[in-house]
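This report covers a metal site, some strand pairing, a pocket and a few single residues. The sequence and the structure come first.

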Amino acid sequence: MDRSRLKIRPIIGLEIHVQLATKSKLFCSCPVEFGAEPNSNVCPVCLGMPGVLPVMNRQAFEFSVRTAVALHCEIAAFTKWDRKSYYYPDLPKNYQISQYDLPLSFDGAFDVPAGVGGGTRRVGIIRAHLEEDAGKNLHEHPGITRVDLNRTGTPLLEIVTEPDLSSADEAYNFCVELQRLVTYLGVSEGNMQKGQMRFEPNVNVAIEHDGQEYRTPISEVKNLNSFRAVRGAIAHEIERQVNDWMADRDYVIGKRPKENRGWDDVRGITEFQRSKEEAHDYRYFPDPDLVPVEISDECLERIRASVGELPLEREARMQADYGLSQADAATILRDRATVDLFEEAAGFGHAPTLGKQFISFWLAQANARGCRIAQLGIDAGRLGELSRITADGVINATAAQAVAEKMLDSGDSPTAIAERDGLVQVRDQGAMAGWVTQAFEANAKAVQDALANPKKKAQARGFLLGQVMKISGGQADPKMVGRLIDEKLSGLGGS
Ligand code: ZN
Ligand code: MN
């Protein structure tokens with residue numbers, strides 16, 4: 001069969017588990033902590049002892065609702081808990097507490113950057129519900145499996161999308177944008193290395209051939225824990241399914257079952273695991289130990305108010321309002337307190353200069369301290385003022401850096417620091433003309449080169465400018481000095 005005669009349309013949905021940033025587990029008070037001594041953060045509730053009673057973590061529920069609101073979901077006024085049968089050693093209760101027929105939210109939409117050609121793509125959200133995580137089986141030695149139950153009972157928000165994505169790149173963008181959303185909202189650290197976001201793409205392909213459409217069976221790729229794996233696994237699945245259909249025309253929905261597949265990161269391929277179980281195999285039933293949750297209008301309004309503008313919208317507005325590049329806006333948006341601080345400071349300051357100072361100086365300082373810009377302890381007023389006096393030429397860029405460093409240790413205003421340290425630029429014509437004359441007299445060779453040797457002119461001019469700055473102790477306004485040097489050179493007969 002001629003592959004080029006096929007019209008191929010990938011159909012991709014995602015199921016994502018996001019670990020919520022609560023201090024304690026979903027139904028007990030055990031701490032949620034990464035890398036703790038195995039089985040140290042456990043209690044009778046998360047160990048599944050008989051007779052214990054789970055109590056819902058209110059923070060986990062509010063984080064879930066906040067995310068669901070940001071995903072434009074309907075929020076259920078009444079939601080309940082169900083037991084989902086799960087017979088593996090990493091969840092000793094033999095069931096997972098989840099939500100089945102009455103999830104806390106449903107029918108949403110999320111806009112993400114489109115794959116090719118820019119713009120955004122709207123992806124439908126089927127539902128988002130809260131459930132508990134399982135522990136970890138550790139297969140460290142041949143023939144021996146140990147179980148660490150520290151993770152058991154950690155709150156997870158499960159988000160299920162409509163199959164609205166049409167390429168591996170779009171799915172990748174969705175995952176990146178979702179990570180940005182949950183960290184921005186403060187509901188998750190979104191740390192991939194710690195397994196705090198796990199992705200399961202559902203993939204199949206519509207193939208058009210001789211006016212007929214064929215659809216390959218859906219496969220679900222389990223437990224991907226990096227964006228790169230999401231993109232790689234989907235790209236591989238699309239190719240594999242088209243090839244399998246070309247080899248076997250019965251490789252279509254209805255004639256072949258759904259498949260669970262695993263991703264081999266090293267070989268870059270997906271592998272068959274098992275035919276997918278149907279929902280009834282889980283034998284869901286309502287958890288008799290947990291009361292249903294009813295959310296009041298008042299509580300919902302409070303959570304709605306905490307969501308505000310979403311990162312993608314805010315990024316576009318910041319480009320328009322402050323003349324920032326997309327990359328710089330995205331960098332500042334990496335945490336919400338910092339972008340709030342930026343916007344407040346921009347009100348006092350010169351936004352494009354402030355943007356440059358955030359991206360270069362302030363970010364470097366924050367990184368060096370392992371914190372965010374908003375945690376450097378410098379208020380919006382002083383940040384704005386520094387950008388303003390830099391943009392106005394009161395201090396030059398080098399002096400701005402020196403002032404900024406002092407601002408980290410003192411509460412003084414940048415203007416006061418600049419004045420005290422003699423960093424205010426001298427823009428007095430007389431003083432500057434004097435320094436230029438001094439530099440010309442002390443560097444006759446460079447003056448000669450600038451006048452007589454066109455090849456060396458730019459270099460000689462730069463050298464003279466440097467000398468003037470040196471004589472001035474860094475206080476001269478380099479733009480004005482440059483102008484004075486040019487005037488003097490042309491006065492001496494250069495061009
Ligand atoms: Zn516990
Ligand atoms: Mn789940």
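Two strands count as paired if DSSP finds at least two bridges between them. The strands themselves (E, at least two residues) and the helices (H or I, at least four residues) are DSSP runs numbered from the N terminus. This is a predicted model, in which local features need pLDDT of at least 70, side-chain atom pairs count only at pLDDT 80 or more, and totals for chains, interfaces and linings use all residues. Residues are numbered from 1 along each chain as its sequence is written, chains are lettered from A and ligands numbered from 1 in the order in which they are written, and side-chain values use heavy atoms, with hydrogens and water left out.

**Strands**

Eight bridges join β6 and β7 in the antiparallel sense. Ser105 of β6 has Ala128 as its bridge partner in β7, and Ser105 also stands opposite Ile75. Strand β2 (residues 74-75) pairs with strand β6 (residues 105-113) over two bridges, again antiparallel.

A separate description applies to an open sheet of three strands, ordered β5-β4-β16 with antiparallel pairing. Its edge strands, β5 (95-98) and β16 (285-286), each pair on one side only. Between strand β4 (residues 82-85) and β16 there are two bridges, and Arg83 stands opposite Phe285 in β16.

**Metal site**

Which residues coordinate the manganese ion (ligand 2)? The donors are His17 (NE2), Glu131 (OE) and Glu158 (OE), at 2.0 to 2.2 Å. Along the sequence their spacing is H-x113-E-x26-E. His17 in strand β1 (residues 7-19) and Glu131 in strand β7 (residues 120-132) are 114 residues apart, and this pair links distant parts of the chain. Donors here are N, O and S atoms within 2.8 Å of the metal (3.2 Å for Na, K and Ca); water is not among the atoms, so the site may look incomplete. Both His17 and Glu131 are buried, where buried means under 20% relative accessible area, exposed over 50%, and partly exposed in between (1.4 Å probe, protein chains only).

**Single residues**

Three residues outside the metal site are listed with their accessibility.

| Residue | Place | Relative accessible area |
|---|---|---|
| Ala134 | loop between β7 and β8 (136-141) | 10%, buried |
| Asn94 | loop between β4 and β5 | 37%, partly exposed |
| Asp107 | strand β6 | 52%, exposed |

Asn94 has a phi near 75 degrees, a positive value in a residue other than glycine. Asp107 is not a glycine either, and its phi is positive at about 55 degrees. The C-alpha atoms of Ala134 and Leu91 are separated by 5.3 Å, although these residues are 43 apart along the chain.

**Second largest pocket**

The second largest pocket holds about 460 Å³ of space. A pocket is an open set of points on a 1 Å grid over the protein atoms alone, where a 1.4 Å probe fits, with protein on both sides within 12 Å along at least five of seven lines; lining residues have an atom within 4 Å of a point. Grid points are joined across faces, edges and corners, and the volume is the space filled by probe spheres set on them.

This pocket is lined by 20 residues, with Val176, Glu177, Gln179, Arg180 and Ala330 nearest its centre. At least two lining residues come from each of α3 (168-184), α6 (311-322) and α7 (326-332), and α3 supplies the largest share, seven residues. Domain 1 (3-293) and domain 2 (309-420) each contribute at least three residues to the lining; these bounds come from an automatic or database domain assignment.
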